[in-house]
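This note sets out some points for a colleague who is new to the structure shown below. The points cover the sheet, the nonpolar cores and the pockets.

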Amino acid sequence: MIAHDGKKQDMLKWCMDNKEILQQHNLSGTGTTARMIADHVGLKIKGYNSGPLGGDQQIGAKIVEGNIDMVIFFSDPLAAQPHDPDVKALLRIAQVYDIPIANNIATADFMIHSTLMNEQYSHQIENFKNTVDVRVKEMQ
């Protein structure tokens, strides 16, 4: 659970609207967002650092470790972010590890109400060694 400052209120409302579903899952989030969700919505959530202080990277590391199944990240497309490279790195690692990521309310709604929400899902992780080997053979 991640939200830029301009989207934190949207995140809180979305969490409140989906509290019954969310409380059935292990939640984690970046700094202020996690704290606000715990305080205002009453959900149990593991908090990491705020995004600009490395929280996005901590969430990315949890994806690599296999401990994050989906990301809800309400980003603010109209505000410059000082940690934009970290945000891009998080989005990239989610893509590499085939992790669904919602960056707005509509996508988050589709994901959380999916029939796959309460099932084990087998992610299609890119095998970069095979990709490199194939590209090397093509160049020969």
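1. Two strands are taken as paired if DSSP finds at least two bridges between them. The model under discussion is predicted. On that definition, three strands make up an open sheet with parallel pairing, in the order β1-β4-β5. At its edges lie β1 (2-3) and β5 (101-102), each of which pairs on one side only.

2. The link between β4 and β5 deserves a closer look. Strand β4 covers residues 71-74, and two bridges join β4 to β5, the two strands running parallel. Within this pairing, V71 has I101 of β5 as its bridge partner.

3. In soluble globular proteins, nonpolar side chains tend to be buried together. The largest nonpolar core in this model holds 21 residues, and those touching the most other members are M1, M11, W14, C15, L22, I37 and I72. At least two residues of this core come from each of α1 (8-17), α3 (31-41), β4 and α6 (105-112).

4. Which residues does C15 touch, not counting residues up to four places away in sequence? They are M1, L22, I37, V41 and L43. Of these partners, M1, L22 and I37 are also listed with C15 among the core residues that touch the most other members.

5. Another core, of 12 residues, lies apart from the largest one; Y48, V71, L90 and I99 are among its members. V71 thus appears both in this core and in the bridge to I101 of β5.

6. The largest pocket has a volume of about 900 Å³. Of the 32 residues lining this pocket, H25, I68, D69, M70 and M117 are the closest to its centre. The elements β2 (27-30), β3 (45-48), α4 (55-64), β4 and α6 each supply at least two lining residues, and β3 gives the most, with three. By class, the lining comprises 18 nonpolar, eight polar and six charged residues.

7. The second largest pocket encloses about 200 Å³ of space. Its lining consists of 16 residues, and A3, D5, K8, P52 and H83 lie nearest its centre. Both β1 and α3 supply at least two residues to this lining, with α3 giving the most, at three. The lining of this second pocket divides into four nonpolar, nine polar and three charged residues.

8. Some elements recur across these points. Helix α3 supplies residues to the largest core and to the lining of the second largest pocket, whereas α6 supplies residues to that core and to the lining of the largest pocket.

Definitions and conventions. Residues numbered from 1 in each chain as written. Predicted model: local features only at pLDDT ≥ 70, side-chain atom pairs only at ≥ 80, totals over all residues. Heavy atoms only, no water. Helix = DSSP H or I, 4+ residues; strand = E, 2+ residues; numbered from the N terminus. Core = buried A, V, L, I, M, F, W, Y, C linked by side-chain atoms within 4.5 Å. Buried < 20%, exposed > 50% of the residue type's maximum accessible area, 1.4 Å probe, protein only. Contact = heavy atoms within 4.5 Å. 1 Å grid on protein atoms, 1.4 Å probe; cavity = no way out; pocket = protein on both sides within 12 Å on 5 of 7 lines; lining within 4 Å. Points joined across faces, edges and corners; volume = space filled by probe spheres on them. Nonpolar A, V, L, I, M, F, W, Y, C, P; charged D, E, K, R; others polar.
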